[in-house]
Amino acid sequence: MADRNGPDGTGKTGPGKQHETEIRDDDLERRRRELEASLATRLPERLEGKDDAKAGSAAGYGQALKLSSEFIAGVVVGAGLGWIIDRQAGTSPWGLIVFLLLGFGAGVLNVLRSAGAVAEFGQGAKPRRDRDDGNGRSS
């Protein structure tokens with residue numbers, strides 16, 4: 001009959017004796033140090049201190065404001081030109097539609113130029129130094 005320790009009287013509820021791997025603290029410490037060294041070589045230097053972090057976020061907000069204003073300006077100028085052409089030529093709403101789309105394209109192109117993803121007109125394709133080549137090195 002089964003007793004209080006379990007159905008077979010052994011007191012164990014699992015499948016029996018299992019193999020447990022022993023990981024020593026010194027091995028874990030060594031692996032942690034190797035990981036820290038590997039990450040330190042891959043990650044860029046982080047900003048330290050609150051003043052540096054605030055300066056970095058302010059620069060990010062400035063860049064975001066610049067990019068968004070360039071995009072909005074392209075769309076607004078395109079829509080304005082289309083509206084003026086429609087008033088002068090009486091082609092409503094086709095001038096507005098066409099120039100709104102052209103303004104949208106110009107806005108996207110301005111944002112890409114400001115972000116450095118597209119070369120400026122007449123400069124050709126110049127290599128980017130901060131682009132990663134996949135091997136952890138910059139080209």
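This is a short talk on one aromatic pair and the helix H3 that holds half of it.

The model is predicted, so to speak of local features we need pLDDT of at least 70, and side-chain atom pairs count only at pLDDT 80 or more, while totals for chains, interfaces and linings use all residues. Residues are numbered from 1 along each chain as its sequence is written, and side-chain values use heavy atoms, with hydrogens and water left out.

The structure has 1 aromatic pair, where pairing requires ring centres of Phe, Tyr or Trp (its six-membered ring) within 6.5 Å. The partners are Phe71 and Phe104, edge-to-face at 5.5 Å centre to centre and 80° between the planes; planes over 60 degrees apart count as edge-to-face, under 30 as stacked, and the rest as tilted. Phe71 sits in helix H2 (residues 50-89) and Phe104 in helix H3 (residues 94-115), 33 residues apart. Helices here are DSSP runs of H or I, at least four residues, numbered from the N terminus.

Both rings belong to partly exposed residues: Phe71 has a relative accessible area of 26%, and Phe104 has 45%. Buried is under 20%, exposed over 50%, partly exposed in between, with a 1.4 Å probe and protein chains only.

Now H3. Which residues of H3 are buried? They are Gly95, Gly103 and Gly107. Seen down the axis, the buried residues fall within an arc of 95°, so they line one face of the helix; the arc is taken from the directions from the axis to the C-beta atoms. On the other side of H3, Trp94, Leu101 and Leu102 are exposed.

Just after H3, Gly116 has a positive phi of about 90°.

Definitions and conventions
Helices (H or I, at least four residues) and strands (E, at least two) are DSSP runs, numbered from the N terminus.
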